[in-house]
Amino acid sequence: MLNGKPLALDVAFTVGDINYPANWMRNASLSEKNALGITEVSDPAWYDRRFYWGVGNPKDLAGLKTSWLAQQKALAGSLLVKTDWMVVRKEETGSVVPTATTTYRTTVRTQCKKREDQITACDTTDKLAALINENKLEAWPDE
């Protein structure tokens, strides 16, 4: 910071009548920076914008659950759509859906339901964030 304003790395700047090149901040020592009045400030605390409005300010849990449940359903749907034609063909013509396809489709639905149950069980935004970020389910079935 210089005079209360942030200084970006790799950007030229001017102090008084002196122009400093873009690489000056990287190459200057701490004492050289301090001599100009430049102070180092720590970065703001990190927070996951998917779950929080700011540090310690969680988003609405019900809305988050609705969104994450919809994402799980969309993922399952995108995996199932590739074999939907086989199920439709079976209904229309009575032809057989291969066992591997039936097993795959059942696994996708089972995994989706498991994830939905985990999301639904979260009673705080912190728990939902931890579930999504850390406690990933076993891999979805191979496509």
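Me: What makes a residue a neighbour of K33 in space, and which residues does K33 touch, not counting residues up to four places away in sequence?

Reply: K33 touches W24, M25, A28, I38 and E40 once residues up to four places away are left out. Touching, or contact, means heavy atoms within 4.5 Å. Before we go on, this is a predicted model, where local features need pLDDT of at least 70, side-chain atom pairs count only at pLDDT 80 or more, and totals for chains, interfaces and linings use all residues. Residues are numbered from 1 along each chain as its sequence is written, and side-chain values use heavy atoms, with hydrogens and water left out.

Me: Why is K33 called buried?

Reply: K33 has a relative accessibility of 11%. Buried means under 20% relative accessible area, exposed over 50%, and partly exposed in between (1.4 Å probe, protein chains only). The value of 11% is under 20%, so K33 counts as buried. You will find K33 in helix α2, residues 30–36. Helices here are DSSP runs of H or I with at least four residues, strands are runs of E with at least two, and both are numbered from the N terminus.

Me: What makes N3 exposed, and what makes D10 and L9 partly exposed?

Reply: Set each value against the cut-offs. N3 has a relative accessible area of 70%, so N3 is exposed. D10 is at 42% and L9 at 45%; these values fall in between, so D10 and L9 are partly exposed. N3 sits in the segment before β1 (13–15), D10 is placed in the segment before β1, and L9 is found there as well. Leaving aside neighbours within four places in sequence, L9 is in contact with M25 and R26.

Me: What is notable about the phi angles of N3 and D10?

Reply: Most residues other than glycine have a negative phi. N3 has a phi near 55°, a positive value in a residue other than glycine. D10, also not a glycine, has a positive phi near 60°.

Me: Where is G54, and why does G54 count as buried?

Reply: G54 lies in strand β3, residues 52–54. Its relative accessible area is 12%, which is why G54 is buried.

Me: How do you know how far apart in space G54 and L75, and L9 and P58, are?

Reply: The distances run between C-alpha atoms. For G54 and L75, 21 residues apart along the chain, the separation is 28 Å. For L9 and P58, 49 residues apart in sequence, the distance is 32 Å.

Me: What makes K65 buried, and which residues is K65 in contact with, leaving aside its neighbours within four places in sequence?

Reply: K65, in helix α3, has 18% relative accessibility, so K65 counts as buried. Its contacts beyond those neighbours are I119, T120, C122 and L128. K65 and I119 are 54 residues apart in sequence, yet their C-alpha atoms are 6.5 Å apart.

Me: How do you know what span is expected for helix α5, and what span does α5 reach?

Reply: Helix α5 (residues 99–121) has 23 residues. The expected span of a helix is 1.5 Å times one less than its number of residues. For α5 that gives 33 Å, and α5 reaches 33 Å from its first C-alpha to its last, close to the expected value.

Me: Which residues of α5 are buried, and what covers them?

Reply: The buried residues of α5 are T101, Y104, R105, V108, Q111, C112, R115, E116 and I119. Their cover includes α3 (61–80), α4 (84–93) and α6 (125–133). Take T101 as an example: its relative accessible area is 11%, so T101 is buried, and T101 touches T83 and M86, not counting residues up to four places away in sequence.

Me: How do you know how the chain compares with a compact globule?

Reply: Compare the radius of gyration, taken over C-alpha atoms, with the globule rule, 2.2 Å times the number of residues to the power 0.38. A compact globule of 143 residues would be near 15 Å, but the chain has 27 Å. The C-alpha trace spans about 85 × 35 × 20 Å along its principal axes. Of the 143 residues, 29% count as buried.

Me: What pattern do the helices and strands follow?

Reply: The chain has 6 helices and 4 strands, and along the sequence they follow β-β-α-α-β-β-α-α-α-α.
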